[in-house]
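Trainee: Could we go through this model together? I would like to learn how each label is earned.

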Amino acid sequence: AHLDRVAAVDGDVRAFLHVDGETVLAQARKVDERRAAGEELGPLAGVPIAHKDVFTTTDMPTTAGSRILEGWRPPYDATITARLRKAGLVILGKTNMDEFAMGSSTENSAYHPTHNPWDLSRIPGGSSGGSSAAVAAYEAPLATGTDTGGSIRQPAAVTGIVGAKPTYGGSTRYGIIAFASSLDTPGPFARNVLDAALLHEAFSGHDPMDSTSIDKPVPPVVEAARRADVAGLRVGVVKEFAGDGYQPGVTARFNEAVELLESLGAKVVEVSCPNFSYALPAYYLIAPSECSSNLARFDAMRFGLRVGDDGGRSAEEVMALTRAEGFGPEVKRRIMLGTYALSSGYYDAYYGKAQQVRTLIARDFDAAFGQVDVLVSPTTPTTAFPIGERADDPMAMYLADLCTIPANLAGNAAISVPCGLADEDGLPVGLQIMAPVLGDDRVYRVGAAVER
Ligand code: GLN
């Protein structure tokens, strides 16, 4: 049924980079055989899932939305891919994304843009916009994404679905193509909070292959999503995430969500996190710095594209030609920014300063969570914008992640749940709920109580 749905709508939505029906049906038959042989499979056995094209998959290409990896077949599965196969989920295909997860609209894909199923002239968010569009368009019931600065929560918000960023280190990065290693966090997309929690639980747990993976019990997210009550919980409204620059329809739906929380018995207070205003500039130094280092591995020798290797050129010339042709403009911009921020003489002023700001933001969270159990804000300042509107204005594009970036810098758990449609354009609005590190169960508990 999902393959039929993909065939019917993906020509318009363009959520997928790769779908191969035979591989899908072969996987499904295998799940049936395992079940018939009496194997104990998890609650999601047989459910189709779409993976963002940064999750390595041995039976499908993995491109990270880049020309430099066009046609690359990974030799191994990401831990999350492998765990979900073992649990009996069926991989439907690989979803479109901004190249190397750099972007907020999926327009930076080297292949094609993806369209928002609510309005095909608009962006589905990014960088995991193929996954959000696939779930919103009923092409897939579940999908994975990665959230480095908002790339799960922001696309979930603008397509009217649920997307969670687990605690950093709570979901393993092994086998996921790296963007900024201290921020990258794989997580789930679904059409409701309980489904997202089931997926979260299915892929979580300590992974010795990722040195930053947390070796502690997985927070009880499914139980929390089932519980879905907020009575007596203390909810903090982030004062800095309101006012100018927020679309009126976003503010209206957010205020209603806060009233709903109060009517369900939560105690709502305003909380100030003064350093959150510096999160965006700090992120745009730290993330490019880490990417400039991570993307050095695309050297024309080890994987993918190789340009100009005709016998007459040095290895260095081949590398330069390959990287010039294989990387798109946003990736090049980030590599240049990051290389500059890390260079001797500038390191302390830029990268070092940004890391200090990061510590201040983590302290703001600590202070806030001394007073409240969860923090809430709109997920994004606006609803989905038209394709092309911000494509030539990186600063305008970067603003899409204003509210989501603090949780990445501090490693906190966060979720975006639908909270209604904006009056002016009828497009979905997302409510962001943030909890302390390893407080993932709280975001599911509150999210399930207020999702619409
Ligand atoms: N939009 C942000 C960026 O371009 C965040 C991306 C992400 O979370 N992968 O870096």
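Mentor: Gly-205 follows α6 and has a positive phi, near 120 degrees. Helices here are DSSP runs of H or I with at least four residues, strands are runs of E with at least two, and both are numbered from the N terminus. This is a predicted model, in which local features need pLDDT of at least 70, side-chain atom pairs count only at pLDDT 80 or more, and totals for chains, interfaces and linings use all residues. Residues are numbered from 1 along each chain as its sequence is written.

Trainee: Why are α6 and α15 called roughly antiparallel?

Mentor: Helix α6 (residues 193-203) and helix α15 (residues 440-450) pack at about 160 degrees. Angles over 145 count as roughly antiparallel, so α6 and α15 earn that name. The helix axes are 9 Å apart. Val-193, Leu-194 and Ala-197 of α6 meet Tyr-444, Gly-447 and Ala-448 of α15, where contact means C-beta atoms, placed from the backbone, within 7 Å.

Trainee: What makes Lys-52 count as buried?

Mentor: Buried means that 20 or more other C-beta atoms, placed from the backbone, lie within 10 Å of a residue's own. Lys-52 has 31 such neighbours, so it counts as buried. Lys-52 is found in strand β2 (residues 48-52).

Trainee: And how do you know whether Ser-151 is buried or exposed?

Mentor: Ser-151 has 37 C-beta neighbours inside 10 Å, so it counts as buried. Ser-151 lies in the loop between β4 (142-146) and α5 (153-159). Its contacts include Ala-101 and Ser-127.

Key. Axes are lines fitted to C-alpha atoms, for helices over the stretch in contact, and angles run from 0 to 180 degrees between N-to-C directions. Angles under 35 degrees count as roughly parallel, over 145 as roughly antiparallel, 65 to 115 as roughly perpendicular and the rest as oblique. Two residues are in contact if their C-beta atoms, placed from the backbone, lie within 7 Å. A residue is buried if 20 or more other C-beta atoms lie within 10 Å of its own, exposed if 12 or fewer, and partly exposed in between; C-beta atoms are placed from the backbone. Lists of a residue's contacts leave out its neighbours within four places in sequence.
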